[in-house]
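Here is a quick walk through one protein chain, feature by feature. Keep the viewer open and follow along.

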Amino acid sequence: MDSNQLFSSYEKLPSTWDEMYCDNSEFRKHYTGFIEYLKNTSPEKLTKKEDLSKQLFMSQGVTFTVYNDNEGIEKIFPFDIVPRIITAEEWDKIEKGIKQRLKALNLFIKDIYNEQFIIKDGLIPAELIYSCPNFLREMKGVKVPYDVYVHISGVDLIRNNDGEFYVLEDNLRTPSGVSYMLENREISKRLFPGVLPKSNVRSVSNYPNMLYKKLKELSDKTDPNIVLLTPGIYNSAYYEHTTLARLMGIELVEGSDLVVKNHFVYMKTTNGLKQVDVIYRRVDDDFLDPLEFNATSVLGVAGIMSVYRKGNVNIVNAPGTGIADDKAIYIYVPDMIKYYLNEEPILKNIETYQLGLPDDFEYVVKNIKTMVIKKTDGSGGYGMLMGHEATEAEIKDYIDNVKKNPSGFIAQPILRLSTAPCYINGQLSPRCIDLRPFALCGKDGIDICPGGLTRVALKKGSLVVNSSQGGGSKDTWVLQ
């Protein structure tokens, strides 16, 4: 097969926005440079590059956990060698939209744990807040540095068939995937050493420095002791924890490495105890402090919340931020933007139905074949029902489960996720994608890394891009 057949065999999906092709089957202008490269490269050479990428991921130990795979749970992170390319104009809108959204979400979290004006003014029902499992009463009235609760976030975006970007969900607790974004770029540099600079692609390699700066500014000390708290080697994102700690030059610790003494947190070292000033935690709220949350937890540190409330240690992200990324709260984010910022939302929400509302429940059941139903506190693509793929028996069982706690579920129409070209079995083939840009909030504002993690539904026709469900990723090129 010659290189021209790469494109002639490409079958666009109907009623779907394709990142490379316009509706008239002409190439989009910003893909021109990479397309020229593909036309001048044989499929055999591309296959060698694909093999090299797998070898590089293997040698780096870049893995993720797939829990429902019978062959074993540790998998090399699947990577597609064809980059997803975003124009400067598109990125400008994405960046402004995410910044606007995070400003409103930070103000919302501050409000909820203090005056609760948004509840008093009737914009959000009080019962929705207090019934949310991510609402922490232990954070009521706690002051946080610079009023920043969400320091690190990964906002999931999809592009619908109208060409517009929509927010799928806000990941504000312990968002993962940034190490794969960094690794994808390093692989691309090896595979396409001449193409990247020629295409004027913006760099993502400064992310660890940006993150370290945001963590450092939370302490008054000139040289604060910053640590990354991991649940340990069995966590699905442990590779990311080790990578970020190494790139920032900070200690990677587990709960057993830390101890609370005299209202301070200390790290155990061979030279004795060393005070800890800032903790970038990748441990969920429920396991953070066995004295206040899950008493059986061995992942956190007993008494750490007391130290935090006294202001003697900073925890990133702040405990309780999950109240703002609960899928039931997601519905109200456009209203938050108008309420707190007096602005119209730049990025749209996907239309969402609360199954706790009888009218919404009835509508969703009637239109189940065009709906996806999710748990409000779910993540990783687990526990969803894709109506168009489910059997009648599966739908009945799922709805019976929903009826037990309808307020714990939301539904959204199944959208046509945009597709991007992927190199699969020696051919270019469209696959559905989403995008997770990573944003860092601090006292001097919000910085967004120009790129992010583009996740790919590697199975033909699939809409599920989650890595934990066997999806893959590709490098994201934002043009200057």
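## A hairpin

Strand 8 (residues 258–261) and strand 9 (residues 264–269) run antiparallel, joined by four bridges. Look for Lys 261 and you'll find it opposite Phe 264 in strand 9. The hairpin leaves two residues between its strands, and Asn 262 takes a positive phi there, near 50°. Bear in mind throughout that this is a predicted model.

## The whole chain

Stepping back, the secondary structure adds up to 15 helices and 23 strands. The radius of gyration is 23 Å, close to the 23 Å that the globule rule gives for 480 residues, so the chain is as compact as a globular protein of that length. Measured out along the principal axes, the C-alpha trace spans about 70 × 60 × 45 Å.

How much of the chain is buried? Of its 480 residues, 56% count as buried. The accessible surface comes to about 20900 Å², with 49% of that belonging to carbon and sulfur atoms. As for the contacts between residues at least 6 apart in sequence, 68% join residues that are at least 24 apart.

## A four-stranded sheet and its helix

Now for an open sheet of four strands, ordered 14-17-15-16 and paired antiparallel. Its edges are strand 14 (353–354) and strand 16 (385–386), each of which pairs on one side only. Helix 15 (residues 392–404) packs on this sheet, where it touches strand 15 (371–375), strand 16 and strand 17. The direction of helix 15 makes about 40° with that of strand 15.

At the strand 14 edge, the partner is strand 17 (residues 409–413), and the two pair in the antiparallel sense over two bridges. Gln 354 stands opposite Ile 410 in strand 17. As a general reminder, strands of a sheet pair through backbone hydrogen bonds, either parallel or antiparallel.

## Aromatic pairs

The structure holds 16 aromatic pairs. Take Phe 34 and Phe 192: their ring centres are 5.2 Å apart and their planes sit at 85°, so this pair is edge-to-face. It links distant parts of the chain, with Phe 34 in helix 2 and Phe 192 in the loop between helix 7 (178–191) and helix 8 (195–198), 158 residues apart. Both Phe 34 and Phe 192 are buried.

Tyr 398 and Phe 409 make another edge-to-face pair, at 5.9 Å centre to centre with 75° between the planes. Since Tyr 398 lies in helix 15 and Phe 409 in strand 17, the pair ties together parts that are 11 residues apart in sequence. Tyr 398 is buried, as is Phe 409. Elsewhere, ring pairs link Phe 7, Tyr 10, Tyr 21 and Phe 27 into a cluster.

## Backbone oddities

Where does the cis peptide bond between Val 316 and Asn 317 put its second residue? Asn 317 lies in the loop between strand 12 (314–316) and helix 12 (327–330). The bond from Val 316 to Asn 317 has omega near -10°.

Two residues other than glycine in loops are also worth a click for their phi values. Ser 15 has a positive phi near 55° and sits in the loop between helix 1 (4–8) and helix 2 (32–39). Its relative accessibility is 58%, and with a cut-off of over 50%, Ser 15 counts as exposed. Asn 342 has a positive phi too, about 55°, although it is not a glycine. You'll find Asn 342 in the loop between helix 13 (333–341) and strand 13 (348–349), exposed with a relative accessible area of 70%.

## A buried loop residue

Is Val 144 buried or exposed? This residue is found in the loop between helix 6 (126–130) and strand 4 (152–159), and at 7% relative accessibility it counts as buried. Leaving aside neighbours within four places in sequence, Val 144 is in contact with Met 139, Tyr 149 and Tyr 308. For a sense of distance across the model, the C-alpha atoms of Val 144 and Ile 373 are separated by 35 Å, and these two are 229 residues apart along the chain.

Key. Residues are numbered from 1 along each chain as its sequence is written. This is a predicted model: local features need pLDDT of at least 70, side-chain atom pairs count only at pLDDT 80 or more; totals for chains, interfaces and linings use all residues. Side-chain values use heavy atoms; hydrogens and water are left out. Two strands pair if DSSP finds at least two bridges between them. Contact means heavy atoms within 4.5 Å. Axes are lines fitted to C-alpha atoms, for helices over the stretch in contact, and angles run from 0 to 180 degrees between N-to-C directions. The radius of gyration is taken over C-alpha atoms; the globule rule is 2.2 Å times the number of residues to the power 0.38. Buried means under 20% relative accessible area, exposed over 50%, partly exposed in between (1.4 Å probe, protein chains only). Accessible areas come from the Shrake-Rupley method with a 1.4 Å probe; for residues, only the protein chains shown count as cover. Rings of Phe, Tyr and Trp (its six-membered ring) pair if their centres lie within 6.5 Å; planes under 30 degrees apart count as stacked, over 60 as edge-to-face and the rest as tilted.
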